[in-house]
Amino acid sequence: MDGVHDKESDLVRVYRALGDLTRLRMVRLLLARGEMGCAELAEALNLSRPTLSYHTRMLQLCRLVDVRREGAYHYYRLRLDTLQRFAPEVARLDPLQ
């Protein structure tokens with residue numbers, strides 16, 4: 001029963017994350033562009049750095065986004081495996097440019 005509960009919890013976290021329009025747009029941008037730096041992502045979505053940090057953290061917690069650190073810079077990449085497992089319809093949307 002724990003395995004079922006874990007999958008349900010993961011599903012709720014992913015859907016809660018994707019239920020926010022800013023995070024959904026972030027996922028679609030990463031789907032289109034692959035890896036994006038923090039500044040590039042903030043500019044594309046017209047977000048402040050603290051707001052971007054909050055939203056990327058939510059996506060990391062449900063394993064939709066991975067972060068790569070290079071010095072002071074952060075680069076974000078979508079985890080397609082998680083997206084396709086829990087929200088395949090989002091993976092099929094036209095990516096944002």
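**Close-ups of a predicted model**

**View 1. Arg85 sits in helix 5, which covers residues 80-86.** This is a predicted model, and Arg85 makes a handy place to start looking around. With a relative accessibility of 54%, the Arg85 side counts as exposed, since anything over 50% earns that label. For a sense of distance, try Leu59: Arg85 and Leu59 are 26 residues apart in sequence, and their C-alpha atoms lie 15 Å apart in space.

**View 2. Confidence along the chain.** The average pLDDT over the chain is 91, and 94% of the residues score at least 70. Where is confidence lowest, and where is it highest? The low end is helix 1 (residues 2-18), with a mean of 85, while strand 1 (residues 36-37) takes the high end at 97. A general word of caution goes with any such view: predicted coordinates should not be read in detail where pLDDT is low.

**View 3. Three strands make an open sheet in the order 1-3-2, with antiparallel pairing.** Strand 1 and strand 2 are the edge strands, each pairing on one side only. As a reminder, the strands of a sheet pair through backbone hydrogen bonds, in either a parallel or an antiparallel way. Strand 1 and strand 3 are held in register by two bridges, in the antiparallel sense. Look for Met36 here: its bridge partner in strand 3 is Tyr76.

**View 4. Strand 2 and strand 3 form a hairpin.** Strand 2 takes up residues 65-70 and strand 3 residues 73-78, and the two pair in the antiparallel sense over six bridges. Zoom in on the turn and you'll find two residues between the strands. One of the residues in the turn is Gly71, with a positive phi of about 65°. Beside the turn, Glu70 has Tyr73 of strand 3 as its bridge partner. Elsewhere on the hairpin, Asp66 stands opposite Arg77 in strand 3.

**View 5. Helix 4 runs over residues 49-61.** Its 13 residues reach 18 Å from the first C-alpha to the last, close to the 18 Å expected at 1.5 Å a residue. Which residues of helix 4 are buried? They are Leu52, His55, Thr56 and Leu59. These four cover an arc of only 100° around the axis, so they end up on the same side of helix 4.

**View 6. The largest pocket has a volume of about 260 Å³.** Its lining counts 17 residues, and the closest to the pocket centre are Cys38, Leu52, Ala72, His74 and Tyr76. Which element gives the most to this lining? Helix 4 does, with six residues. At least two lining residues apiece come from helix 3 (38-45), helix 4, strand 2 and strand 3. Two of the names have turned up already: Leu52 is one of the buried residues of helix 4, and Tyr76 is the strand 3 partner of Met36.

**View 7. Asn46 and Arg63, two loop residues with positive phi.** Most residues other than glycine have a negative phi. Asn46 has a positive phi of about 55° although it is not a glycine. You'll find Asn46 in the loop between helix 3 and helix 4. Is Asn46 buried or exposed? Asn46 counts as exposed, at 72% relative accessibility. Arg63 is no glycine either, yet its phi is positive at about 65°. Arg63 follows helix 4, in the loop between helix 4 and strand 2. With a relative accessible area of 43%, Arg63 is partly exposed. To find your way from here, step across to Asp81: Arg63 and Asp81 are 18 residues apart in sequence but 9.4 Å apart in space, C-alpha to C-alpha.

Methods
Residues numbered from 1 in each chain as written. Predicted model: local features only at pLDDT ≥ 70, side-chain atom pairs only at ≥ 80, totals over all residues. Heavy atoms only, no water. pLDDT = per-residue confidence, 0-100. Pairing = 2+ DSSP bridges. Expected span 1.5 Å × (residues − 1). Buried < 20%, exposed > 50% of the residue type's maximum accessible area, 1.4 Å probe, protein only. Arc of directions from axis to C-beta. 1 Å grid on protein atoms, 1.4 Å probe; cavity = no way out; pocket = protein on both sides within 12 Å on 5 of 7 lines; lining within 4 Å. Points joined across faces, edges and corners; volume = space filled by probe spheres on them.
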